[in-house]
Amino acid sequence: MRNIDSYILYMFSFLISILGSWQYDKKKNKVISIYAKTLYCILITLPIIILQGLRYAVGTDYFSYLSLYKGFGQENALFLRWYQTEPLFVLFCRIIYKISNGNDAAFFLADAILINFLLFLTLDYYKDQINLPIMYFFYYMLCLPYFLNTERQGLAVIITWYATKYIHENKIIKFLICVLIAALFHNTAIIALVFYSIKLFQGKYKKYTKKIFIVFMMCLPFTLELIINFASRYLSIFRKYRKFLTNDLGKIKHININLLYMAFMIMILLFFINIIKTSRVDYIWILFLWISQLISYLLNNYIEWGFRMSFYFEFGMMFAYSFVYTKIRSRINKIALLAFLMVTLLFYFTYKFYIQGNGEIFPYQFIMLHR
């Protein structure tokens with residue numbers, strides 16, 4: 001398939017899903033049956049499940065994950081030992097391998113079903129505060145292309161996003177269980193524990209939160225690599241990530257386009273901070289996610305997988321823009337904000353993935369046609 005045909009296929013699949021979410025969004029204030037909700041879930045997720053699950057050689061890590069899937073299924077001792085700290089990912093692969101008799105597409109299809117179903121449940125929880133089409137548009141432009149490469153981390157990220165509901169409900173045990181499950185798919189999900197800690201800290205020391213929060217965030221970029229370097233050297237759970245560490249600590253290698261882009265997007269949101277404060281989701285928690293995301297982009301200058309950590313915090317910006325859109329009363333302002341988001345997000349997707357070729361998601365191939 002030519003690159004331009006692949007681009008059209010991506011956009012068409014996203015459009016069908018977003019139109020489904022638009023129809024569901026119109027009914028969010030009404031009582032809806034489980035049967036109807038299931039139908040909307042299928043309508044929204046099916047185009048993306050097909051796109052994500054029935055691909056061939058799409059994504060830089062496609063064949064690496066195919067190798068892991070088959071290795072775990074065939075009980076390769078080296079693979080099992082290397083990934084012993086992520087047993088749920090291993091178990092997931094082994095179950096799919098046994099059920100499908102080692103079918104190549106089965107792993108990617110099962111992973112796509114799980115990710116998209118959990119994403120639907122997550123956004124469904126927040127639907128009374130957000131605009132669903134905007135949330136899905138953000139996800140498809142900024143996250144999904146990367147999740148075609150980072151299969152298990154993508155699943156871990158979505159699990160932690162789902163776990164945030166328990167933060168707002170103050171159900172710490174359920175939150176910790178979800179984070180543990182996510183970490184057993186991809187160890188980096190352990191970073192999600194800070195989501196609850198900032199909420200807990202704010203509750204006990206509210207008047208000091210902002211000052212300590214600012215100092216903490218200023219210090220973090222200068223200490224985080226040292227922490228990760230130590231962990232990867234002396235803690236076996238992080239040892240396999242050592243290959244991604246660079247040796248130029250403290251030296252910025254190049255201008256980080258992602259950092260500049262995200263800083264611009266968050267800077268725009270600061271104009272709407274008074275609107276964001278009206279959300280039932282604590283705005284300090286949202287600010288924490290923004291700053292954490294910027295730090296993870298900055299960290300990418302020092303650690304090759306630093307950028308991947310940003311996905312755990314992506315939810316904050318997505319939520320904020322979507323929430324602001326629902327609160328704007330002026331029709332003209334709504335159209336202006338929507339136009340801004342469409343232009344910037346489409347530009348990001350087109351430039352990063354179609355023109356630059358990041359993630360190697362172009363050209364797209366269906367596995368059935370490849371055979």
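**Exercise 1. Which residues are in contact with Gly 73, leaving aside its neighbours within four places in sequence, and in which helix is Gly 73 found?**

Solution. Leaving aside neighbours within four places in sequence, Gly 73 is in contact with Arg 94, Tyr 97 and Lys 98 in this predicted model. The next step is to place the residue along the chain: Gly 73 is found in helix H3, which covers residues 62-73. A distance can then be added, since the C-alpha atoms of Gly 73 and Ile 96 are separated by 8.1 Å, although these two residues stand 23 residues apart along the chain. Finally, the relative accessible area of Gly 73 is 4%, and buried means under 20%, so Gly 73 counts as buried.

**Exercise 2. Describe the surroundings of Glu 314, and state whether its charge is met by a salt bridge.**

Solution. Begin with the location: Glu 314 lies in helix H15, residues 314-327. Glu 314 is buried yet has no salt bridge, and the nearest side chain of opposite charge, that of Lys 352, is 12 Å away. A salt bridge would need a side-chain nitrogen of Lys or Arg within 4 Å of a carboxyl oxygen. What the side chain of Glu 314 does have is a polar contact of 3.0 Å with the side chain of Gln 293. Not counting residues up to four places away in sequence, Glu 314 touches several residues, among them Leu 142, Trp 161, Met 262 and Tyr 297.

**Exercise 3. How is the aromatic pair of Tyr 10 and Tyr 364 arranged, and which parts of the chain does it tie together?**

Solution. The count for the model comes to 53 aromatic pairs. In the pair formed by Tyr 10 and Tyr 364, the ring centres are 5.7 Å apart and the planes meet at 85°, an edge-to-face arrangement. Tyr 10 lies in helix H1 (residues 3-25) and Tyr 364 in the loop between helix H16 (331-355) and helix H17 (367-370), so the pair ties together parts that are 354 residues apart in sequence. Both Tyr 10 and Tyr 364 are buried.

**Exercise 4. What backbone features mark Glu 360 and Pro 363 in the loop between H16 and H17?**

Solution. Glu 360 has its place in the loop between H16 and H17, and its phi is near 50°, a positive value in a residue other than glycine. With a relative accessible area of 46%, Glu 360 is partly exposed. Pro 363 is found in this loop between H16 and H17, and the peptide bond leading to it from Phe 362 is cis, with omega near -5°.

Conventions. Residues are numbered from 1 along each chain as its sequence is written. This is a predicted model: local features need pLDDT of at least 70, side-chain atom pairs count only at pLDDT 80 or more; totals for chains, interfaces and linings use all residues. Side-chain values use heavy atoms; hydrogens and water are left out. Rings of Phe, Tyr and Trp (its six-membered ring) pair if their centres lie within 6.5 Å; planes under 30 degrees apart count as stacked, over 60 as edge-to-face and the rest as tilted. Helices (H or I, at least four residues) and strands (E, at least two) are DSSP runs, numbered from the N terminus. Buried means under 20% relative accessible area, exposed over 50%, partly exposed in between (1.4 Å probe, protein chains only). Lys and Arg count as positive and Asp and Glu as negative; His and the chain ends are not counted. A polar contact is a pair of N or O atoms within 3.5 Å; within protein, one must be able to donate a hydrogen and the other to accept it, and residues adjacent in sequence count only if both atoms are side-chain atoms. Contact means heavy atoms within 4.5 Å.
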